Amino acid sequence: MVKNEKITIVNKKGEILGYKNTNDFNYAKDFHKVCLIIPKAAKNKIILSKRAKNKQPWSDTWVCAIGGKVNEGENQKEAALREMKEESNFSSELLEKGSFIYDKDNYKAIFYIFTTKDEISIRDLKPDKKETQYFKEFSIGEIKEKINKNQNKFAETFIQAFNLLIKNK
C-alpha cells in the first residue's frame, strides 16, 4: 500500500461518492470497491493465498491470491493489475468474472472478481510477506471439500468469490 493513497468511496450501486485517505478510512462504515484475483493454474487448478497472520481483515485464512481496494483515479481492472504487481511481483492479462456486494457490520464493499486469462505458474508469484504467507494451488474439488469440512479456514469473501467464479466459469 502506498502512503497517502485515497480509497474510492461508493454507494451500493458502485457510484462514486468521494475519496478518503487511508488514515480516515473505516471498513465498517465506508462502502468501497475491492478487486480480487483468483489466478488459473495448470491441470484445472486455481491459486489461493494464505493471508498473513497479522493482516486484517481475515488474518491467517485462505483468501483469493491477490486483492485490494480501488484507489482514486482507478477502475477495478486497473486496481487489480496494480495489486497483482504489488502483492506478487507478477503481471498477467485479467478477465472479470463478476461482482457481489458484501454488507456486514464490520465490512462494506463491492467485490469485483478476476481470474487470469491464461494459466500461470505458482513459481512466478513472489508473495509480499506483509500480505501473504504463501501461495498454493488447489483443484475446485479440493476447495469445496475443505470449505465443507471447515469454512472458518476461509475468508467469507473468498467463499462468495469462489462460488461466483465457479458459476461464471
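Biologist: Let me begin with the terms: a residue is buried under 20% relative accessible area, exposed over 50%, and partly exposed in between. In this predicted model, which of the three is Asn-89?

Modeller: Asn-89 sits in the loop between helix H1 (76-88) and E8, and its phi is positive, about 55 degrees, although it is not a glycine. Its relative accessible area is 48%. That value falls between the 20% and 50% limits, so Asn-89 is partly exposed.

Biologist: And Asn-44, is it buried or exposed?

Modeller: Asn-44 is another non-glycine residue with a positive phi, here about 60 degrees. Its place is in the loop between strand E4 (40-41) and E5. With 62% relative accessibility, against a limit of 50%, Asn-44 counts as exposed.

Biologist: Which residue does a cis peptide bond join to Gln-56?

Modeller: The omega of that bond is about -10 degrees. The partner is found in the loop between E5 and E6. The residue joined to Gln-56 is Pro-57.

Biologist: Now to the rings: how many aromatic pairs are there?

Modeller: Two rings pair if their centres lie within 6.5 Å. By this rule, the count of aromatic pairs is twelve.

Biologist: What kind of aromatic pair do Trp-58 and Tyr-102 form?

Modeller: The two ring centres are 6.0 Å apart, and 75 degrees separate the planes. Planes over 60 degrees apart count as edge-to-face, so the pair of Trp-58 and Tyr-102 is edge-to-face.

Biologist: How many residues apart in sequence are the parts that this pair ties together?

Modeller: Trp-58 belongs to the loop between strand E5 (45-51) and strand E6 (62-64). Tyr-102 belongs to strand E8 (residues 94-104), so the separation in sequence is 44 residues.

Biologist: Are Trp-58 and Tyr-102 buried or exposed?

Modeller: The limit for this class is a relative accessible area under 20%. Both Trp-58 and Tyr-102 are buried.

Biologist: What kind of pair do Phe-158 and Phe-162 make?

Modeller: Their ring centres are 5.6 Å apart, with planes at 25 degrees. Phe-158 and Phe-162 lie four residues apart in helix H3 (residues 156-167), about one helical turn, and both are buried. Because planes under 30 degrees apart fall in this class, the pair is stacked.

Biologist: Which residue does Tyr-19 touch that lies 53 residues away along the chain?

Modeller: Tyr-19 has its place in strand E2 (residues 16-21) and is partly exposed, at 36% relative accessible area. Leaving out residues up to four places away in sequence, its contacts include Lys-6, Ile-7, Thr-8 and Ile-9. The partner 53 residues along has its C-alpha atom 6.6 Å from that of Tyr-19, and this partner is Glu-72.

Biologist: Stepping back to the whole chain, what is its radius of gyration?

Modeller: The chain has three helices and ten strands, and 50% of its 169 residues count as buried. A compact globule of 169 residues would have a radius of gyration near 15 Å. The chain agrees with that, at 15 Å.

Biologist: One last thing: how far apart do the centres of the positive and negative side chains lie?

Modeller: There are 33 positive and 24 negative side chains. The accessible surface of the chain is about 9100 Å², 45% of it from carbon and sulfur atoms. As for the two charge sets, the distance between their centres is 5 Å.

Methods:
Residues are numbered from 1 along each chain as its sequence is written. This is a predicted model: local features need pLDDT of at least 70, side-chain atom pairs count only at pLDDT 80 or more; totals for chains, interfaces and linings use all residues. Side-chain values use heavy atoms; hydrogens and water are left out. Helices (H or I, at least four residues) and strands (E, at least two) are DSSP runs, numbered from the N terminus. Buried means under 20% relative accessible area, exposed over 50%, partly exposed in between (1.4 Å probe, protein chains only). The radius of gyration is taken over C-alpha atoms; the globule rule is 2.2 Å times the number of residues to the power 0.38. Accessible areas come from the Shrake-Rupley method with a 1.4 Å probe; for residues, only the protein chains shown count as cover. Lys and Arg count as positive and Asp and Glu as negative; His and the chain ends are not counted. The place of a charge is taken as NZ of Lys, CZ of Arg, CG of Asp or CD of Glu. Contact means heavy atoms within 4.5 Å.
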